[in-house]
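Reader: I have a structure to look at for class, and I would like to go through it slowly with you. Could we start with the sheet and then move on from there?

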Amino acid sequence: MPTPEIHVSAVIFHNSEGHVLCVRKKNTTAFQFPGGKPDPGETPLQAAVREVEEEIGVTLDDALLSPRDTFRAAAANEANHEVIADIFSYPSPIIPNTAAEIAEYAWVDLTQPHVELAPLLKKLTALS
């Protein structure tokens, strides 16, 4: 039986020190990029813009989002599921807030993380 898949869109933000923004959802332990599942009929880009606004209260200019790639990894919060993530990057500085289901955020040096990373972030760190 194939592994159930969860499709998500996520955005990479960098601060002036080169750290990336990671968020932790309520009742979870692993940090991941801001983003989430697309609503029916939503493109990955539309989902990324909506989810970022819902999760960290930042309104993005979708023209500034650059597609990075699509990555697969074990899902952080759903046992025996695989996440397929369309990843975008955003060039402008932001000031995040916790909203929706987000418990906290952290600016993380992925080469020396001080928080627990979701499998997707661990995989991306290993590739760099």
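Author: Before we look at who stands opposite whom, it helps to know that two strands are said to pair if DSSP finds at least two bridges between them. Please also keep in mind that this is a predicted model. With that settled, alanine 10 stands opposite glycine 35, which belongs to strand E3.

Reader: And how many bridges join E1 and E3, and in which sense do they pair?

Author: E1 and E3 are joined over two bridges, and their pairing is antiparallel.

Reader: What is the order of the strands in the sheet?

Author: The open sheet is formed by four strands, and the order is E3-E1-E5-E4, with mixed pairing. Strand E3, residues 35-36, and strand E4 stand at the edges, where each has a single partner strand, so one side of each has no neighbour in the sheet.

Reader: Which helix packs on the sheet, and what does it touch?

Author: Helix H1, residues 44-56, packs on the sheet and touches E1, E3 and E5, while its direction makes about 70° with that of E1. H1 has 13 residues and reaches 18 Å from its first C-alpha to its last, which is close to the 18 Å expected at 1.5 Å a residue. After the helix comes glycine 57, whose phi is positive, near 65°.

Reader: Which residues of H1 are buried?

Author: The buried residues of H1 are Ala47, Ala48, Val49, Arg50, Glu51, Val52, Glu55 and Ile56, and they pack against E1, E2, E3, E5 and E6.

Reader: Let me switch to serine 9. Is serine 9 buried or exposed?

Author: Serine 9 sits in strand E1, which covers residues 5-13, and it counts as buried because its relative accessible area is 1%, with the cut-off for buried being under 20%. A polar atom of the serine 9 side chain lies 2.8 Å from the backbone oxygen of proline 44. Not counting residues up to four places away in sequence, serine 9 touches several others, including Pro34, Gly36, Ala47 and Phe88.

Reader: What about phenylalanine 13, where is that?

Author: Phenylalanine 13 also lies in strand E1, and it is buried, with a relative accessible area of 0%. Leaving aside neighbours within four places in sequence, its contacts include Val52 and Ile56, along with Leu21, Tyr90 and Trp107. Phenylalanine 13 and phenylalanine 88 are 75 residues apart in sequence, yet their C-alpha atoms are 9.0 Å apart in space.

Reader: How far apart are valine 83 and isoleucine 95?

Author: Those two are 12 residues apart along the chain, and their C-alpha atoms are separated by 27 Å. Valine 83 has its place in strand E5 and is buried, with a relative accessible area of 11%. Among its contacts, leaving aside neighbours within four places in sequence, are Ile6, Val8 and Phe71.

Reader: Last topic: which residues touch the most other members in the largest nonpolar core?

Author: That core has 21 residues, and the ones touching the most other members are Cys22, Phe33, Ile87, Val108, Val115 and Leu120. The elements giving two or more residues to this core include E1, strand E2 (20-25), strand E5 (82-90) and helix H2 (119-127). The largest share, four residues, comes from E1. Another core, of 15 residues, lies apart from it, and Val11, Leu21, Leu65 and Ile102 are among its members.

Definitions and conventions: Residues numbered from 1 in each chain as written. Predicted model: local features only at pLDDT ≥ 70, side-chain atom pairs only at ≥ 80, totals over all residues. Heavy atoms only, no water. Buried < 20%, exposed > 50% of the residue type's maximum accessible area, 1.4 Å probe, protein only. Polar contact = N/O pair within 3.5 Å; in protein donor to acceptor, adjacent residues only side chain to side chain. Contact = heavy atoms within 4.5 Å. Core = buried A, V, L, I, M, F, W, Y, C linked by side-chain atoms within 4.5 Å. Axes fitted to C-alpha atoms, helices over the stretch in contact; angles between N-to-C directions. Expected span 1.5 Å × (residues − 1).
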